[in-house]
Amino acid sequence: MHVEWCGGFLSPDTSVVAAAGEVEDGEEWFLHDSVDARSGEVLGGFDTRGENSYDFWPLGDGTWLTREPSGHPVRWAES
């Protein structure tokens with residue numbers, strides 16, 4: 001089993017933390033949570049809207065990028 005993490009700042013007040021792991025049979029799992037950057041409080045799950053959990057790039061201004069199947073970037077914003 002292994003665990004890795006990634007993420008970044010969605011905005012000055014909110015970060016998104018992604019945890020990924022793999023169990024012994026090779027099945028992968030991913031979790032994305034938004035976190036209050038000042039208090040560390042977990043605010044809840046975060047949907048990156050990307051097809052691949054690794055294709056998530058928070059830009060710090062409330063938006064983030066994912067990638068289309070063609071490889072082109074898609075910019076998303078909090079609703």
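This is a short tour of a predicted model, going from the whole chain to one hairpin.

**Whole chain.** Select the chain and show it as a cartoon. There are 7 strands and 0 helices, so the order of elements from the N terminus reads β-β-β-β-β-β-β. Switch to the C-alpha trace and orient the view along the principal axes: the trace spans about 40 × 35 × 15 Å.

**Surface and burial.** Now turn on the accessible surface, which comes to about 5,300 Å². Carbon and sulfur atoms account for 51% of that area. Colour the chain by burial next; of its 79 residues, 25% are buried.

**Contacts.** Display the contacts between residues at least 6 apart in sequence. Of these, 23% join residues at least 24 apart.

**Charges.** Select the charged side chains in two groups, positive and negative. The chain carries 16 negative and 4 positive side chains. Mark the centre of each set: the two centres lie 13 Å apart.

**Strands E3 and E4.** Select residues 28–36, which form strand E3, and then residues 42–45, which form strand E4. The two strands run antiparallel, and 3 bridges join them. Within this pair, pick Val-35 and look across to E4, where Val-42 stands opposite. While the side chains of a strand are on screen, a general point helps: in a regular strand they alternate between the two faces of the sheet.

**The turn.** Finish with the segment linking E3 to E4. The hairpin has 5 residues between its strands. Which residue of this hairpin takes a positive phi? Select Gly-40, whose phi is near 85°.

Terms used:
Residues numbered from 1 in each chain as written. Predicted model: local features only at pLDDT ≥ 70, side-chain atom pairs only at ≥ 80, totals over all residues. Heavy atoms only, no water. Helix = DSSP H or I, 4+ residues; strand = E, 2+ residues; numbered from the N terminus. Buried < 20%, exposed > 50% of the residue type's maximum accessible area, 1.4 Å probe, protein only. Contact = heavy atoms within 4.5 Å. Areas by Shrake-Rupley, 256 points an atom, 1.4 Å probe, with all protein chains shown as cover. Lys, Arg positive; Asp, Glu negative; His and termini not counted. Charge placed at Lys NZ, Arg CZ, Asp CG, Glu CD. Pairing = 2+ DSSP bridges.
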